Amino acid sequence: MRFPLALTAKIAGHIIKHKLRKTPKFAMVLQLEPLHTCNLTCTGCGRIREYSTSLKDMVPLEKCLQAAMDCDAPMVSICGGEPLIYPKIEELFAGLLEQKRIIYICTNGMFMRKKMRDYMAADYSPGMETKLQALLKAELVTEKEAEVIRKSDAAARSKVVIRPSQWMYWNVHVDGLEFTHDLIVEREGVFKECIEAIKMAKILGYQTATNTTVYKETDAQEIEDMFKFLSSLDVDAHTISPGYEYDAAKKDMVKRLGKQPEDFFLTRKMTRQKFARIQEWSKAFTIIGTPMYQEFLAGKREMTCTPWAIPTFNVKGWKAPCYLMTDGHYDGYQEMLAKVQWEKYGVVDGVARDPRCEHCMVHCGYDPSGALGTNYQRGDNWKNFKYNFWPKPPRYERGHEVKACNGFSIGKGHLAEAKAAINNPRAAMNGAQSVFQHREEPHEHNRSEGCGSGDKSQRDELLAKITARKDA
């Protein structure tokens, strides 16, 4: 079947239980943000600005675990910020496992290998040596790191760690292939580290998933190539969603980057163009999302969002009305359900109740609608059953042929900045060209994949155009 039976059964049982009880509103997934601190400043992320005054604040461990109990969602997505910065992330993971939750640790991947080395040190035995040798051969750990693992002391062995579990996924943020991803996250080398972390996770027996946001300049063929590449790495599942111009992200884009949101985010019409082939992709790859949500993305049906099904809890409390829009924070989950005027939000029959909702087609609002039967059409139950219980799409064996490591990013954000420089000779003369400084030296790792030393034609073409503008 497409996803593990135990996980599918747990979620289905949760829905059936509340349907039988006729619960009007209940949580499917808890978006748990224990902190908003992050080591990256991704283009399109509004957390930087929305929670700028509380970036150093953290939710106490006990409150995090209580939030999961209060809404009783079968699945918890630990996000942020970068959740692996949270000092009690291991204890949070262990506590949620004890509550019998399905756990997605949503990470940019930069600290994953450190956390996995901690696990190896805590559990090191002769049986672990085979995996350690495989990691050494793949250059995913160094000889020095291997010795630290082998010589782990009592403190390392007694440490709470994130062990592989059938109830847990590493959910790694990947927004395209190397060039595009590193541009969006505004740092070189992040894609390379994500891939190395995924490879290490698979050797150690973890389940892995990826989370991708599609923007205006995202190339649909590149997304398909990304899926092919990740399939060849045996990534277990993928979430994909359109980039939406919610208020906090728009403000960050204008004030921090000096860019116009309409040049970056998708309208509803653009989303349907970008996701025209989503149903083809879902047949070939293990994409998370109901068939109804995929039809909605492709423009084949309308849906009404159910924001209460994926609530968010963070340093300020229960965030409402949804993950992306903030009209208030509440102390209690039930208080939020009771006080928020849910009928004011969303899009019904293609008409936005709130103008901020007009272009939103994001999975955290609409994907649960497909599972809950919102806007039910005849045959939807069979589509859901077939999608989950039919065989898992096969591994894409030729994924290694994809030029995933296709050049260096500029380290300054999205390609829109480069294109703006091309159209502004003065900007180019004042330093825009320095953004694209040639970096011919290869990366130390991923030599077999050519990461960082691949096709840089797109960057070089932009460089040539900037130079031509400057000369003119």
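## A helix pair and a ring cluster

Helices α6 and α10 are roughly antiparallel to each other. How do we arrive at that description? The two helices pack at an angle of about 155 degrees, and an angle over 145 degrees counts as roughly antiparallel. Keep in mind as you explore that this is a predicted model.

Let's stay with this helix pair for a moment. Helix α6 covers residues 126-137 and helix α10 covers residues 190-204, and their axes are 10 Å apart. If you look at how α6 passes α10, you will find a right-handed crossing. Which residues meet there? From α6 come M128, K131, A134 and L135, while α10 brings M200, I203 and L204. Sorted by character, the residues of this contact are 6 nonpolar and 1 charged, with no polar ones.

Now step back to the whole chain. The protein chain has 21 helices and 11 strands. Of its 472 residues, 55% count as buried. Among contacts with a separation of 6 or more, 78% are between residues 24 or more positions apart in the chain.

Next, the aromatic rings. The structure holds 14 aromatic pairs. A pair of aromatic rings is described by the distance of the centres and the angle of the planes. Here are two of the pairs, both with rings in helix α18 (residues 380-389):

| Ring pair | Distance of centres | Angle of planes | Arrangement |
|---|---|---|---|
| W382 and F385 | 5.9 Å | 25 degrees | stacked |
| F385 and F389 | 4.7 Å | 25 degrees | stacked |

Why is the pair of W382 and F385 called stacked? Their planes lie at 25 degrees, and planes under 30 degrees apart count as stacked. The pair of F385 and F389, with its planes also at 25 degrees, is stacked as well.

Where do these residues sit along the helix? W382 and F385 are 3 residues apart, about one turn of α18. F385 and F389 are 4 residues apart, and about one helical turn separates them too.

Are these rings buried or exposed? The answer lies in between: W382 is partly exposed, with a relative accessible area of 49%. F385 is also partly exposed, at 39%, and F389 counts as partly exposed at 36% relative accessibility.

Finally, the rings can be viewed as a group. Ring pairs link W382, F385, F389 and W390 into a cluster. Try finding F385 in the structure, and then look for its two stacked partners, W382 and F389.

Definitions and conventions. Residues numbered from 1 in each chain as written. Predicted model: local features only at pLDDT ≥ 70, side-chain atom pairs only at ≥ 80, totals over all residues. Heavy atoms only, no water. Axes fitted to C-alpha atoms, helices over the stretch in contact; angles between N-to-C directions. Parallel < 35°, antiparallel > 145°, perpendicular 65-115°, else oblique. Left-handed = near helix turned anticlockwise from the far one by under 90°. Contact = heavy atoms within 4.5 Å. Nonpolar A, V, L, I, M, F, W, Y, C, P; charged D, E, K, R; others polar. Phe/Tyr/Trp six-rings, centres within 6.5 Å; stacked < 30°, edge-to-face > 60°. Buried < 20%, exposed > 50% of the residue type's maximum accessible area, 1.4 Å probe, protein only.
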